[in-house]
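Please open the model in your viewer and keep the sequence panel visible beside it. The tour below proceeds by selection, and each stop states what is to be found there.

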Amino acid sequence: MREPSSIGIETNGVVSPPPQALLERLKDYGQEDVFALWDELSLEERDFLVRDIESLDLSRIDRIIRCSLRSQGLPAAAIEPVPESNVSKVEERSHEEREKWWKLGLKAISDGKLAVLLLSGGQGTRLGSSDPKGCFNIGLPSGKSLFQLQAERILCVQRLAAQATNESSASSAQIHWYIMTSPFTDEATRKFFESHKYFGLEAEQVTFFRQGTIPCVSKDGRIILETPYRVAKAPDGNGGVYSALKYTRLLEDMASKGIKYIDCYGVDNALVRVADPSFLGYFIDKGVAAAAKVVRKGYPQEKVGVFVQRGKGGPLTVVEYSELDPSLASTVNQATGRLRFCWSNVCLHMFTLDFLNQVANGLEKDSIYHLAEKKIPSIHGHTMGFKLEQFIFDAFPYAPTTALFEVTITLTFTLNCAIYLLTLCLFKDATLIAAFMYPFQILRDEEFAPVKNANGSNYDTPDTARMLVFRLHTRWVIAAGGFLTHSVPLYATGVEVSPLCSYAGENLEPICRGRTFHAPCEITF
């Protein structure tokens with residue numbers, strides 16, 4: 001127990017009580033214990049604690065705590081597989097559909113109807129860095145950060161949209177980029193963009209905003225104190241983006257700019273196709289409120305959340321892998337040969353602005369958060385309690401209509417590829433043949449290279465993400481008529497195509513045809 005500080009005692013020797021009005025408000029919500037150590041605090045510490053508590057919306061927090069604890073353990077509607085009609089599968093798309101969606105998306109971008117929403121509240125702690133994840137360099141030849149790769153893809157799409165509509169780049173519409181940070185990453189993110197001159201984007205087309213925090217609570221719903229004069233708080237999850245957009249009035253800002261559609265994604269993906277015209281065109285063509293890119297689950301025990309339907313004819317939502325019964329996870333659809341629950345969520349979403357407004361209001365009204373049981377730093381040491389979080393996929397149950405868009409590759413074995421493989425066979429380069437054929441034997445993700453764990457982990461590391469980039473971009477170069485030389489086996493290296501050159505493998509023939517590139521290297525204009 002701390003000794004009472006002389007600074008916190010009035011001259012007559014009597015300790016002043018907490019502000020009466022604030023104490024009464026706390027009593028209304030059963031949270032008066034936050035003043036339990038008041039007598040031991042200095043005047044400065046008391047002032048800090050009062051300001052900390054006054055910054056809380058106590059009625060909202062009480063509603064969230066009550067609703068979230070009450071919902072815990074309640075039975076949920078039985079899950080059903082996503083209806084086949086809700087999914088656009090790679091092998092079923094015609095060339096005409098692809099062309100239509102691409103052009104439709106570029107037209108909407110040119111008209112200024114698309115904004116990009118980046119979820120970037122996380123630090124790179126698991127990567128061994130205290131910087132924001134977006135600052136991380138996965139070791140590509142260019143040395144570019146995740147933020148720079150994504151910014152340059154936005155620049156490339158803007159140029160493609162201008163070309164498709166015969167506008168000059170100067171007069172075509174900009175894609176506005178809304179970036180959600182957290183209290184831990186906000187300042188560093190802003191400085192990183194400023195120091196890199198926004199990676200070629202205009203400063204006014206980038207808007208930063210912070211996600212909220214919410215007090216951590218004990219299992220009986222009491223607010224936990226991290227120190228005697230500070231409330232223990234944690235970020236409210238990536239689903240906090242909805243309330244953050246509402247309270248910062250950025251939904252109104254989007255409407256004032258004529259934005260109709262929002263492309264939303266997580267920062268830790270080295271292959272994310274930011275502002276994908278094909279996905280946008282598909283979304284517009286289907287006329288749905290929400291959509292998500294999905295990949296097929298690799299095997300039943302894969303640790304990914306999957307889309308499901310809640311009850312017959314119910315809404316689509318996401319079930320985490322830990323919540324899916326192993327027997328259901330292993331069940332195969334005999335008609336398709338796929339797992340019944342096979343459509344994995346990879347945090348690549350598209351929403352209408354009208355739907356985002358609906359979600360922000362609906363989630364606020366229902367006030368149900370996920371309860372993550374964690375060790376919370378407290379005045380009693382690390383104590384077990386709850387962090388309250390919302391997830392980005394919590395929006396989907398509110399959607400009247402949802403469509404899923406599969407994003408695994410189907411490789412076209414072009415004449416260039418055939419010539420290249422024949423050359424390898426003539427020279428009997430078995431290592432290179434194996435490396436070249438590897439993508440044809442196993443479907444690889446074209447748009448999902450997660451960067452979550454430090455090198456040395458078994459999956460989702462900077463090294464694995466870099467190799468996914470190398471393999472995809474090497475195929476692009478070969479398909480465009482280029483050749484590669486290499487000092488190490490090709491499965492361990494490759495080329496990087498600058499996003500400023502090509503968004504998805506297009507327009508590379510003038511750069512690559514007949515040229516030889518020594519891997520590893522970056523291909524630029």
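## A cis peptide bond between two strands

Select Pro520, which lies in the loop between strand S20 (516–519) and strand S21 (521–523). In this predicted model, the bond that joins Ala519 and Pro520 is a cis peptide bond, with omega at about 0 degrees.

## The whole chain

Now zoom out to the full protein chain. Its secondary structure comes to 15 helices and 21 strands. Of its 525 residues, 52% count as buried. Among contacts with a separation of 6 or more, 75% are made by residues 24 or more positions apart. The chain exposes about 23700 Å², and carbon and sulfur atoms supply 52% of that area.

## The largest nonpolar core

Select Phe147, Trp177, Phe193, Val206 and Tyr265. Within the largest nonpolar core, which has 46 residues, these five touch the most other members. Helix H5 (residues 146–164) gives this core its largest share, seven residues. Another core lies apart from it and has 42 residues, including Ile259, Ala360, Ile392 and Leu404.

Next, centre the view on Val206. Which residues does Val206 touch, not counting those up to four places away in sequence? They are His176, Trp177, Ile179, Phe193, Tyr198 and Leu201.

## Helix H6 and the loop after it

Select helix H6 (186–195) and colour Asp186, Thr189, Phe192 and Phe193, which are buried. These four residues lie on the same side of H6, because they cover an arc of only 135 degrees around the axis. The buried residues of H6 pack against H5, strand S4 (176–181) and S5. Turn to the face of H6 directed away from its buried side, and the exposed residues Glu187 and Ser195 come into view.

Proceed along the chain to Lys197, just after H6, where phi is positive at about 50 degrees. Then select Phe199, in the loop between H6 and strand S5 (206–210). Phe199 is not a glycine, yet its phi is positive, near 55 degrees. Is Phe199 buried or exposed? With a relative accessible area of 9%, Phe199 is buried.

## A second loop residue with positive phi

Move to Ser367, in the loop between helix H11 (353–366) and strand S15 (370–378). Here too the residue is other than glycine and phi is positive, near 55 degrees. Ser367 counts as buried, at 1% relative accessibility.

## The hairpin of S12 and S13

Select strand S12 (residues 306–310) together with S13; the two pair in the antiparallel sense over four bridges. Phe307 stands opposite Val318 in S13. Five residues lie between the strands of this hairpin, in which Gly311 takes a positive phi near 80 degrees.

Now display the side chains of strand S13 (residues 316–319). Both of its faces are covered. Leu316 and Val318 are buried on one side, as are Thr317 and Val319 on the other.

## Strand S17 and its parallel partners

Select strand S17 (residues 402–406). Why is S17 described as largely enclosed by the rest of the structure? The description applies because five of its five residues are buried. Thr402, Leu404 and Glu406 take up one face, and Ala403 and Phe405 the other, so that the buried residues can be viewed from either side.

Add strand S2 (residues 87–88) to the selection; S2 and S17 pair in the parallel sense over two bridges. Ser88 stands opposite Phe405 in S17. Then add strand S11 (residues 290–296), which runs parallel to S17 and is joined to it by five bridges. In this pairing, Ala292 stands opposite Leu404. Leu404 is also among the members of the 42-residue core visited earlier.

## Cysteines

Finally, display the cysteine sulfur atoms. How many disulfides does the structure hold? It holds zero.

Two residues serve as examples. Select Cys264: the closest cysteine sulfur, in Cys347, is 5.8 Å from its own sulfur, which is too far for a bond. Cys264 is buried, with a relative accessible area of 0%. Then select Cys501, whose sulfur is 8.0 Å from the closest cysteine sulfur, in Cys512, again too far for a bond. Cys501 is likewise buried, with a relative accessible area of 3%. For a disulfide, the two sulfur atoms would have to lie within 2.5 Å.

Methods
Residues numbered from 1 in each chain as written. Predicted model: local features only at pLDDT ≥ 70, side-chain atom pairs only at ≥ 80, totals over all residues. Heavy atoms only, no water. Core = buried A, V, L, I, M, F, W, Y, C linked by side-chain atoms within 4.5 Å. Buried < 20%, exposed > 50% of the residue type's maximum accessible area, 1.4 Å probe, protein only. Contact = heavy atoms within 4.5 Å. Pairing = 2+ DSSP bridges. Areas by Shrake-Rupley, 256 points an atom, 1.4 Å probe, with all protein chains shown as cover. Arc of directions from axis to C-beta.
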